[in-house]
Amino acid sequence: MALLVFIGKRYSGKTMSANIILETCRELGVTVKKYSFANPLRRMYSEAKLVPIELLTNKDTKELYRYDMMEFAQDLKNKDPDIFIKSTVNYVKTVENCVI
């Protein structure tokens, strides 16, 4: 298994860098999955607040929900500080190669 993780501030190029690596791997015939630490939060928020997940992933609309999602995430982390890490680890266990 190969695992590559990008961290950084918003709009610092994490997604673009991951996409370049994904495309290069595909060209080489290597299957790689892309995953975001925010995926579990988006899914949980979408289910709890009945907001279509597409609105939470679209660059033009996700900012409308950002601050409420941050509060929601903090409430979840107060109950379980590792909730998002656990979710990410569970996902990574299911794939061979992953870019986060």
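In this predicted model, the largest pocket is lined by 35 residues, and those lying nearest its centre are Lys14, Ser36, Phe37, Ala38 and Arg42. The volume of this pocket comes to about 1200 Å³. Sorted by class, its lining holds 18 nonpolar residues, along with eight polar and nine charged ones.

It helps to ask where the lining comes from. Five helices, α1, α2 (38–49), α3 (53–57), α4 (66–79) and α5 (83–92), each supply at least two residues of the lining of the largest pocket. Of the contributions, that of α4 is the greatest, at six residues.

Helix α1 can be followed in further detail. This helix runs over residues 14–27, and at 1.5 Å a residue its 14 residues should span 20 Å; the C-alpha atoms at its ends are indeed 20 Å apart, so expectation and model agree.

Which residues of α1 are buried? They are Ala18, Leu22 and Cys25. Because these residues cover an arc of only 65 degrees around the axis, they sit on the same side of α1. The buried residues of the helix pack against two strands, β2 (33–34) and β3 (97–99). On the face of α1 turned away from this buried side, the exposed residues Met16, Ile20 and Glu27 are found. The helix thus offers a friendly example of two faces to look for in the structure above: one with buried Ala18, Leu22 and Cys25, and one with exposed Met16, Ile20 and Glu27.

Just after α1 comes Gly29, whose phi is positive, at about 80 degrees.

Terms used
Residues are numbered from 1 along each chain as its sequence is written. This is a predicted model: local features need pLDDT of at least 70, side-chain atom pairs count only at pLDDT 80 or more; totals for chains, interfaces and linings use all residues. Side-chain values use heavy atoms; hydrogens and water are left out. Helices (H or I, at least four residues) and strands (E, at least two) are DSSP runs, numbered from the N terminus. The expected span of a helix is 1.5 Å times one less than its number of residues. Buried means under 20% relative accessible area, exposed over 50%, partly exposed in between (1.4 Å probe, protein chains only). The arc is that of the directions from the helix axis to the C-beta atoms. Contact means heavy atoms within 4.5 Å. On a 1 Å grid over the protein atoms alone, a cavity is a set of points where a 1.4 Å probe fits but cannot get out, and a pocket is an open set with protein on both sides within 12 Å along at least five of seven lines; lining residues have an atom within 4 Å of a point. Grid points are joined across faces, edges and corners, and a volume is the space filled by probe spheres set on the points. Ala, Val, Leu, Ile, Met, Phe, Trp, Tyr, Cys and Pro count as nonpolar, Asp, Glu, Lys and Arg as charged, and the others, Gly among them, as polar.
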